[in-house]
Amino acid sequence: MSRRRSSLAPLDDDDLLGEILLRLPPQPSSLPRASLVCARWRSVLSDPQFLGRFRKRHGKPPLLGFFTGDVGRRHVFTPVLGSPDRIPAARFSVPWSRKGYDRWDFRGCRHGLAVLVNDRGRGVVVWDPLTGQHRHHRVPFSPNPRYGIICQSSWQWHPAVMCTNAEHGHAHGDCFLSPFKLVLMCNGPTHAFACVYNSVSGAWGNIISTATPTNILSRPGILVGNALHWLFRGGGGVLVFDTEKQSLGVIDKPAEINVTDCWCCQLLRTGDDGNLGLAVLSKDSKPSIQLWKRQSHSSGVVEWVLLQKTIQLEGLFGSGMFSASINALMVGYDEDSNEIVLSTYVGVFILQIESKLFRTVSKRLPLDDKMFYPYKNFYTADLGEGNSPPSSARSSSSSELSPINAQNREPLPPVNSGTREEGRLCALASTAGGMPSWSQERGVTGKLVQVVAAEDGLLAPPSRYVLREENRPTAGAEPAKLTIPIVDLSLLAKPNGVEEAAKLRSALQSWGLFVVTGHGMPKEFLDEILDATRKFFHLPLEEKQRCSNVIDGAMFQNEGYGTDRIDSDEQILDWELLHEYTIQIGQVTMDVLKAMAKLLDQKEDFFIDMVGERFKSYARFTYYPPCPRPDLVNGLKPHTDNSVITLLLLDKDVGGLQVLKDGHWVDVPVLGHDLLVVVGEGMEIVSNAVFKAPWHRVVTSVDKERVSLATFYQPEPQRIIGPPGALVHEKRPAMFKKCLVQTLADGYWDAFAVGERTVDFLNVRIDAEADGKLELESVATNS
Ligand SMILES: O=C(O)CCC(=O)C(=O)O
Ligand SMILES: [Fe+2]
């Protein structure tokens, strides 16, 4: 500090003035406002050295807002500060595209840096929202195909970024991308892999892996000391990655806790001693947050301890905010301040765990299942220099630090390299649970039905396949001779497709399914798909089992045949075919969903928005061998689908699918190259039961085998779906409770096993009585 002349008034002394201005609060408007006083003040305030000292002095940057959204959804910046500190949302708009198949997911913020990952594992980006600088990295590995990966949807990328600046007094938020560590964790149903990028060496380290009991929740890892922690679903415990020792392991979670969904459990960094903690939100009539802490005893034993400090939410917020079955969701966490973000029916709040003090984020946002990623930084609006990176950071490799545009990203890996890059398609083969059906079974011990059917001299199906008399396909009258409705998709899309829309309306209203013509998929292509399917089922058993989803006797994932562990060129061709098919069928699905939305006088993306951009499509191939006694068995037992909609490509030569209409089974004829659209229970929920999922089943043939390919279109697993406000009104109350998609998916096979609909089995339907009262006619139409 220079010597001061005592004759100067304090504010005339530059050093003293600097000392005084350092004490201004770190809010975004502080420095810009002070800089309006005069040119001299402005010059002091915009001096990079002053700004560095200002950040150091304050240490912790203020919370500017949240990046909100969820995996698979667009993310936006939601400012939390009031005027004059409020930062416009557009200032931090997330620049990565979420279009088509090139989807980037925002996955967290730490130390003023944000991290995004491509959902197909094509890259990871560290982004400084303040300066717009970013680094794009190609992911350094693919999960090993040996672990059964056939689609990336069951292997998820969990990136985490952290500043590693160890300089004394360094204030995070002032990190400007250097130096940092980027941790990339990839977790599937059986294993986790981790790898660390160090910005100083500019290189990725070794790939470390460990066996895991299941998938982890799709939430940012919590940094405690040097270790990142993620919570497993169900009873799996906690996955720990030590970023210094580079070790990956699994620790227990409190035995009493069952991690049912990601909105009810949150790992913590406890404020008092920086230990790992866990907050569990109970959904009882008296909602509360139970707190656990991991404590080490002098004996060296480390265990979870339940803290006395249970937080009663009603006491804090008043009881008005809690209703129905879901009272609040934990939608975010700030590990620096140990604050949980709670979304409720009356707004979004931040709750500080130690003090139990809460602040309001917004009273306008309704209960919503999107994540809130807190973003903290020193932001000094309009100070020019102040918001630019210091020159040292700016001079580092310009090819790495450059404005964001599509061109400067690394090239995408070739589609054929190593593991498949397919993001959302899961292939499975047929049914499981309950009375076995006469179709190719999956994961069922004993002989496969195809093997049974091929046994010489088989006169009747083994007893385990034979249905009780009242359940046999022939128990009712002869199938009714009715014509399944047909809708021409190419006409529907035309501006004057009124007639076709009327047909669609009538089909949905009275059948819940319809035949689609005019879908534009070439006949040869569809033939090729079915031929490949048939060929696959005709492969020797050992070969099929090589791609089975059962490894070492345990079923480990939802996917089975058609895996990525492809050995022959012919099979690669099959997979490419399926990939192409999903793209094309995806387009048909979108068109159908748009037309259905228009029937309800909603904008065309109404249903598409509700199920999310990261919807899943499952392709299920089913093989029905000939059966000597079709009258005794089900090819596939009566069921409703748990999809939003299902698109079926049926065998060109052999029928067998039947739909229940007004209490009678009706044959779906052989459709050639037309497709069949079937409404699923998911659609029933999101249309508030305006559209209904029909019961259907498959009967077998004495002498002909049959194949089919069903593509199930499902919402994002972490979404909560329910009847949307636009379809709920006085005359038609909500017919379903809000429900996590994953819960519906998990309940499906249990419901199937006992012959129930999932919504009934899980008790998601609210008012069975009122169901069906509203006809489609009473909903306005624009067609
Ligand atoms: O094979 C068929 O025709 C129908 C298959 C089906 O309904 C299903 O997989 O859910
Ligand atoms: Fe079905």
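Q: In what order do the strands of the open sheet of 4 strands come, and with what pairing?

A: A sheet is read by following its strands from one edge to the other. In this predicted model, the open sheet has the order 22-23-24-25, and its pairing is antiparallel. Strand 22 (328-334) and strand 25 (358-362) stand at the edges with a single partner strand each, so one side of each is left without a neighbour in the sheet. From one strand to the next, the twist averages 25°.

Q: How many bridges join strand 23 to strand 24?

A: Strand 23 (residues 339-344) and strand 24 (residues 347-352) run antiparallel and are joined by 6 bridges; one bridge partner in strand 24 is Gly-347, which is matched with Thr-344.

Q: Which residues coordinate the iron ion (ligand 2)?

A: A metal site is read from its donor atoms and then from their places in the chain. Here the iron ion (ligand 2) is coordinated at 2.1 to 2.2 Å by His-639 (NE2), Asp-641 (OD) and His-696 (NE2), with the sequence spacing H-x1-D-x54-H. Asp-641 lies in the loop between strand 33 (636-639) and strand 34 (645-650), whereas His-696 belongs to strand 38 (residues 696-698), so the pair ties together parts that are 55 residues apart in sequence.

Q: Are Asp-641 and His-696 buried or exposed?

A: Both Asp-641 and His-696 are buried.

Q: Which residues of helix 4 are buried, and where do they lie around the axis?

A: In helix 4 (residues 48-58), the buried residues are Phe-50, Leu-51, Phe-54 and Arg-55. They cover an arc of only 135° around the axis and therefore lie on the same side of helix 4. Among the elements covering them are helix 1 (14-21), helix 2 (30-34) and helix 3 (39-45).

Conventions:
Residues are numbered from 1 along each chain as its sequence is written. Chains are lettered from A and ligands numbered from 1 in the order in which they are written. This is a predicted model: local features need pLDDT of at least 70, side-chain atom pairs count only at pLDDT 80 or more; totals for chains, interfaces and linings use all residues. Side-chain values use heavy atoms; hydrogens and water are left out. Two strands pair if DSSP finds at least two bridges between them. Helices (H or I, at least four residues) and strands (E, at least two) are DSSP runs, numbered from the N terminus. Axes are lines fitted to C-alpha atoms, for helices over the stretch in contact, and angles run from 0 to 180 degrees between N-to-C directions. Donors are N, O and S atoms within 2.8 Å of the metal (3.2 Å for Na, K and Ca); water is not among the atoms, so sites may look incomplete. Buried means under 20% relative accessible area, exposed over 50%, partly exposed in between (1.4 Å probe, protein chains only). The arc is that of the directions from the helix axis to the C-beta atoms. Contact means heavy atoms within 4.5 Å.
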